[in-house]
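Here's a short tour of one protein model, written for someone new to reading structures. Take a look at it first, then read on.

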Amino acid sequence: MTKRRAYPGPRSSPALRPNPQIAQAIDLMKAGEFGQAEMLLKAAVKAQPKNAAAANLLGAALMEQGELKRAEKALGRAVKAEPNNGAFALNFGQCLFRAGKLDAARSALGKAIKLNPKNAISHALLGDTLRGLGQLDQARSAYVEASALQPQLPAARLGLGLLDLELKAYGAAQANFAALAARLPPGRQRAIVLSHLSTALAGLNQHAQANLALLDAIRLAPEQDMLWRALARALAYAKTAPVHEDMETVLLQLLNRPDVNPRPMASVVADYLKRKYPTTDTSASTRRDLLADHVFQTLLISAPLSDPALEQLVTDLRRETLLALAGDETPALALDAIVAIARQCWLNEFVFYVSAEEETSLTTLIAKAQTGNSTAIALLAAYRKLNSEDVDEAKLDTRLRPILVDHIDEPARETELADTVRQLNDLENDVSLNVRSMYEENPYPRWTKCDLAAPLDFRTAVASQLPHLNAGDLIAPASPHVLIAGCGTGLQTMKVVSSYKNAKVLALDISLPSIAYGLRKQADYGVVGVEHLQADILDLDQLDAQFDLIESFGVIHHMQDPQLALQKLANRAKPSGILYIGLYSETGRKSVVEARRLIAEKAYPQTPAGIRQARHDIMMSDTPELAPLLSPASDFWTLSDTRDLIFHVQEHRFTLLEIDDMLKATGLEFLGLSLQNPSDRALFDEEAPSPDAALTLPAWHEFETRHPDMFGDTYRIWARKPAKA
C-alpha cells in the first residue's frame, strides 16, 4: 500500500507564520526527517497548546514513524479544535486507516470529503478503506471519483488495480498496474506496483512475465524484503529461472537470505545450472567447472539436491574421488568442492547410493582420515557422520570447520536442548510408539533456512487463505493462542510465528530429537517464548487450555485412528476456533502406493542401506507409476524424506468426500482448501461460480476429478468449531 501524505499545506496558514519551529519542521518532513520534525513540533505544541495546525503536523510526523496511537491522539486534538478543516480530517482518517480502525476511518474520511469534495486523495483513501471493509462496489466508486478529480493520481489507479486483484479480474488488474508503472519514476513506489503487476500476471498464468516483473521490481528497490520473498515463491512455483542478466546474482542472494527457504529454490537453481552446463556434456572439464561454480557450491550447502541428473553427477564425483584417494592418487576435485559435497551429504543424511566398490574402499579412506589428512576427513564426512574422536581440530584445515559444526557442534546443542523439554506423560499407543521411534531415528524434515513474513493480525492472516469468506465472520483475537500438534523439527512453528501477530504458541510432538532440532533452529532465528511439549495427540485431553487456532499438518494420517485424533484436536479448539489440517490424498499418492507395494515385494529393510537401495532402484526404474516420486517437490531427496514418504510405519490416505464425512462426524464446519497459486484458485472460481462452492467439499471433489494434480499429495484443510449454542 502506498502512503498518502496529505499534510504539506499548513505552512501557508497565517496562524503558523510567527512560529519558526513549525516552518522548520515542515521542511524536515518534506525531507523525510520525521523524528527531528517531531521534536520541534512537540516543542511548538507545548508552547502553543491551542495551535491546531501544530498538533496536526505532530500527528502526521508520528504517523509516518508508525507511532499510530500517539498520532491518533494528536490528530484527534487537531480535529476537535478545528472540526471544519478538511486537511485535518483527512490526516485523522489516514491515521485511523493505518491503525486498522476502518469504520472510524470511513467516518473521518467521509467528513473530509464533505468539507473538501474536490480532494482526490480523500476519495482514494476512502476507496482503500471501503475495500478493507469488503464494500467493493462503493470502493470502486470512490476510486473512480478520485480519478475523475485527478486523472494522474497514482493512488486511484493503484486502488483500482488492487480491487481488481481482489475480484480476481486479473486482466483488468494487469492493465491498471502496467499503466501506472509506466507513469511512475524509478524507485520504491514503482517497484511495489510492479510486484502487484506480477501477481496479476501470475493469475493469468503468465508466469515468466510475472517473474520478470518481480526482477525489475527488485532492481528498483533491492532493500524491500517482501519483493525477494515474492520472487522466491514465484520461482519455486515456476521451477525455472527466467533468462535475465541479473539471474546469477539473484539466485545467490535468494539462497543466502535468512528469510527464504532454499529448498523450493533447488529445482530453479538446477534449471539454471543445467542450462549453463548441459548434462549431455559429460567431459571431465565441464563436470569440474560445474562443481567449482559458486552458485552450485552455494546450492550444495543450502538445500538437498532435487534433480536426478545433478544427484547422479555428484554421486559419481564422490565415488571417483574416493577411488582416487584409496589408490593413492591425487583427487581431481579441490578441497573446497569436496567440502561442498560433504555438506550436501549431511543435508540429505547420506542418502546418495553407495556402490559395493565404495564400501570396500571406505576402509582405506578411514585409515587415511585417522592420520589427520584433511582431504580424507572431508570425503569421509560425505559418507558418514564424524565424531569428535575422528578429528584433531588443531591440525585440521580451517576449511573443514563448517563440517564440524554440522556433525559435532549442532548435534551437541540439540542434546542439551532436549533436556529442557517437558513431557506430558509416557506414550502408550503402539502405533504412536512406532511412529515416535521412526522420527527419533530420523527427525523430519531437515531444514537450513525458512520462509519468513511480516506477521499479520489473526483475522487478516486466516482470511488471506480463504478469500471466499467474509473476514468479519472470523474470530479476531489480538493475541491468538495457537497449538501446533505435531511440530516436528520446527518448520511449522516458524511459519506460525511469522504468520500471526502476537501469537502465544504451544508446539508439541512425540519425537524429542525433532523438538530439539526445532529449538536449535528457533534459537538461531532469535525466536523466544514458544512453549514446547513432548506429547501424543491422543493425550490432549490432559491439557486445560483451549486454542484459537490448531495446526496439525501431515500428522493425524500417521495415527492409528485419524477420526479419533481429529476429535481430540477439535476438543481443544475454542468455540469458533479454527483448525488447519494437512491430510494425505488418495488421488495424489498413487506413486507412493506403488512404491510401498514394491518395497513390500522386495523386502527392502527400513535401514539407511535399505532406503538407499530402494531409492536407487526407483531412480533407475522406467515404471511410469513411480516417475512422480522424482518430482522436485517430492519428499524423495533426503533419507528422512524417503523414509517418511514411502517407508512410513503407518499411513492413511483420504478422498475429499471421506474428509467431508470426518469433519461432519467430528462436528466441524468446513471453511475451505488452500491452493498455492492464485491461477489455480481462479480456475476453481471459474468452474464453480456459486458463492457457496468453496465451502462445499463435494464441489472441491468434482474440481479434483477434473484436475487430479491440483492438490499434490496433501490436502490443506481449514475447518471451524461451531460457536456455543
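## A pocket to start with

Before the numbers, a word on words: a pocket here is an open set of grid points with protein on both sides within 12 Å along at least five of seven lines, and its lining residues have an atom within 4 Å of a point. Keep in mind that this is a predicted model.

The second largest pocket holds about 810 Å³ of space. It is lined by 36 residues, and the ones closest to its centre are Trp-346, Glu-349, Asp-406, Arg-446 and Tyr-517. Several helices give two or more residues to this lining: H19 (335-347), H22 (401-418), H26 (512-524), H29 (608-620) and H30 (639-646). The largest share comes from H22, with seven residues.

What kinds of residues line the second largest pocket, by class? The lining has 15 nonpolar, 14 charged and seven polar residues.

## Rings that pair up

How many aromatic pairs does the count come to? The answer is twelve. Take Phe-636 and Trp-637: their ring centres are 5.5 Å apart and their planes sit at 90 degrees, so this pair is edge-to-face, since anything over 60 degrees gets that label. Both Phe-636 and Trp-637 are buried.

Now look at Phe-684 and Trp-700. Their ring centres are 3.7 Å apart with planes at 5 degrees, so this pair is stacked. The pair also links distant parts of the chain: Phe-684 belongs to helix H32 (residues 678-687) and Trp-700 to helix H33 (residues 697-706), 16 residues apart. Are these two buried or exposed? Both Phe-684 and Trp-700 are buried. They have company, too, as Phe-684, Trp-700, Phe-703, Phe-711 and Tyr-715 form one aromatic cluster.

## Charges over rings

Rings can also have a charged residue over them. Arg-318 lies over the face of Tyr-383, at 4.1 Å from the ring centre. Arg-520 does the same kind of thing with Tyr-517, lying over its face at 4.9 Å from the ring centre. You've met Tyr-517 already: it is one of the residues closest to the centre of the second largest pocket.

## A covered strand

Last stop: strand E6 (residues 573-584). Ten of its twelve residues are buried, so to speak mostly covered. Which way do strand E5 (residues 547-553) and E6 pair? They run in the parallel sense, over six bridges. For one spot to find on screen, look at Glu-551, whose bridge partner in E6 is Tyr-580.

Note on methods. Residues are numbered from 1 along each chain as its sequence is written. This is a predicted model: local features need pLDDT of at least 70, side-chain atom pairs count only at pLDDT 80 or more; totals for chains, interfaces and linings use all residues. Side-chain values use heavy atoms; hydrogens and water are left out. On a 1 Å grid over the protein atoms alone, a cavity is a set of points where a 1.4 Å probe fits but cannot get out, and a pocket is an open set with protein on both sides within 12 Å along at least five of seven lines; lining residues have an atom within 4 Å of a point. Grid points are joined across faces, edges and corners, and a volume is the space filled by probe spheres set on the points. Helices (H or I, at least four residues) and strands (E, at least two) are DSSP runs, numbered from the N terminus. Ala, Val, Leu, Ile, Met, Phe, Trp, Tyr, Cys and Pro count as nonpolar, Asp, Glu, Lys and Arg as charged, and the others, Gly among them, as polar. Rings of Phe, Tyr and Trp (its six-membered ring) pair if their centres lie within 6.5 Å; planes under 30 degrees apart count as stacked, over 60 as edge-to-face and the rest as tilted. Buried means under 20% relative accessible area, exposed over 50%, partly exposed in between (1.4 Å probe, protein chains only). A charge sits over a ring if NZ of Lys or CZ of Arg is within 6 Å of the ring centre and within 35 degrees of the ring normal. Two strands pair if DSSP finds at least two bridges between them.
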